[in-house]
Amino acid sequence: DLIVGLHQPLDGTINIDHQALNLSNIKTWQNNIAYVPQEVFLFDDTILKNIILGNKGEPVNFELLKEVTIMADIYDFIKNELEDGFETKIGERGVRLSGGQRQRLGLARALYRQPSVLVLDEATSALDSITEKGIIESLKSLPKNMTTIIVAHRLSTVRHADCIYFLKEGEINAQGNYESLIRSNDTFKTMVELS
């Protein structure tokens, strides 16, 4: 919530490219990020309109739409299992979809925005491990100029991250890549062995 500017820090600052995030630059920051929370907000409309939310009247880029739904591992479901495909109405809060399908739709929405920064806050928690692995593999193919921040309890989600910040009791306890944390942090190593 602090990183995406939903809350202001009580102490200290959030710095983006060495500049403090504040009320004068927060809108610019938020226009360059996409956020996928654990509970994705969907509204009672079509799958298409839920994905292109915030498109500001621009024509739909159907090539990009297909690409992002494939990356979010929901394209086949939309095309093969829904009679009306992208025009399927999903009900209030996406009631006609499973939790995993809602999360994948939220991920497709975020990717459709083509953000500079993608923030995933437990965004794969409702997915089975096979689907999650496929999505993580897809995320590895994102443009190199897109920063991805993943908040996760499931360690498999961050296995391929360039840098992991391991939190313990609200403080950064260690940082490094997956392998270096296994070697240097006993708590992290234990969590990996138990998972």
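Guide: Helices here are DSSP runs of H or I with at least four residues, strands are runs of E with at least two, and both are numbered from the N terminus. The model is predicted. On those terms, arginine 96 is placed in the loop between H4 and H5.

Visitor: What makes arginine 96 count as exposed?

Guide: Exposed means over 50% relative accessible area. Arginine 96 has 57%, so the label holds. Across space, arginine 96 and aspartate 44 lie 10.0 Å apart, C-alpha to C-alpha, with their positions 52 residues apart in sequence.

Visitor: Is glutamate 92 buried or exposed, and how do you know?

Guide: Glutamate 92 is exposed, because its 51% relative accessible area is over the 50% cut-off. Glutamate 92 also sits in the loop between H4 and H5. Its C-alpha atom is 5.4 Å from that of phenylalanine 43, although 49 residues separate the two along the chain.

Visitor: What is there to say about phi in arginine 93?

Guide: The value is near 60°, which is positive, and the residue is not glycine. Most residues other than glycine have a negative phi. Arginine 93 is in the loop between helix H4 (75-81) and helix H5 (99-112). At 62% relative accessibility, arginine 93 is exposed.

Visitor: Where is histidine 18, and which strands flank its loop?

Guide: Histidine 18 lies between strand S1 (15-16) and strand S2 (19-20). Its phi is positive too, near 65°. Its relative accessibility is 83%. Exposed requires over 50%, so histidine 18 counts as exposed.

Visitor: Why is arginine 159 called partly exposed?

Guide: The label covers values between the buried limit of 20% and the exposed limit of 50%. Arginine 159 stands at 40%, so it is partly exposed. Arginine 159 belongs to the loop between S5 and S6. Isoleucine 136 is 23 residues away in sequence and 9.3 Å away in space, C-alpha to C-alpha.

Visitor: How do you know that strands S6 and S7 pair?

Guide: Pairing needs at least two bridges found by DSSP. S6 (residues 164-168) and S7 (residues 171-176) share 5 bridges, and they run antiparallel. So the two strands pair. Isoleucine 164 is opposite glycine 176 of S7.

Visitor: What links S6 and S7?

Guide: The two strands make a hairpin, with 2 residues between them. One turn residue, glutamate 169, has a positive phi of about 55°. Glutamate 169 counts as exposed, because its relative accessibility is 77% and the cut-off is 50%. The C-alpha atoms of glutamate 169 and glutamine 101 are 32 Å apart, with their positions 68 residues apart along the chain.

Visitor: What makes Tyr165, Leu167 and Ile172 a patch?

Guide: Patch residues need over 30% relative accessible area and no salt bridge, and nonpolar side chains are joined within 5 Å. Tyr165, Leu167 and Ile172 form such a nonpolar patch on the surface, with about 340 Å² of accessible area together. Take leucine 167, in strand S6. Its relative accessible area is 55%, so it clears the 30% limit for patches and also the 50% limit for exposed.

Visitor: How much space is in the largest pocket, and what makes a residue part of its lining?

Guide: The largest pocket holds about 1700 Å³. A lining residue has an atom within 4 Å of a pocket point. The lining has 36 residues, and Thr148, Ile149, Ile150, Cys163 and Tyr165 lie nearest the centre. Strand S4 (117-121), helix H6 (129-139), strand S5 (147-151), S6 and helix H8 (186-194) each give two or more residues to the lining.

Visitor: Which element gives the largest share of that lining?

Guide: S5 does, with 5 residues.

Conventions
Residues are numbered from 1 along each chain as its sequence is written. This is a predicted model: local features need pLDDT of at least 70, side-chain atom pairs count only at pLDDT 80 or more; totals for chains, interfaces and linings use all residues. Side-chain values use heavy atoms; hydrogens and water are left out. Patches are made of residues with over 30% relative accessible area and no salt bridge: like charges are joined within 9 Å, nonpolar side chains (Val, Leu, Ile, Met, Phe, Trp, Tyr) within 5 Å. Accessible areas come from the Shrake-Rupley method with a 1.4 Å probe; for residues, only the protein chains shown count as cover. A salt bridge is a side-chain nitrogen of Lys or Arg within 4 Å of a carboxyl oxygen of Asp or Glu. Buried means under 20% relative accessible area, exposed over 50%, partly exposed in between (1.4 Å probe, protein chains only). On a 1 Å grid over the protein atoms alone, a cavity is a set of points where a 1.4 Å probe fits but cannot get out, and a pocket is an open set with protein on both sides within 12 Å along at least five of seven lines; lining residues have an atom within 4 Å of a point. Grid points are joined across faces, edges and corners, and a volume is the space filled by probe spheres set on the points.
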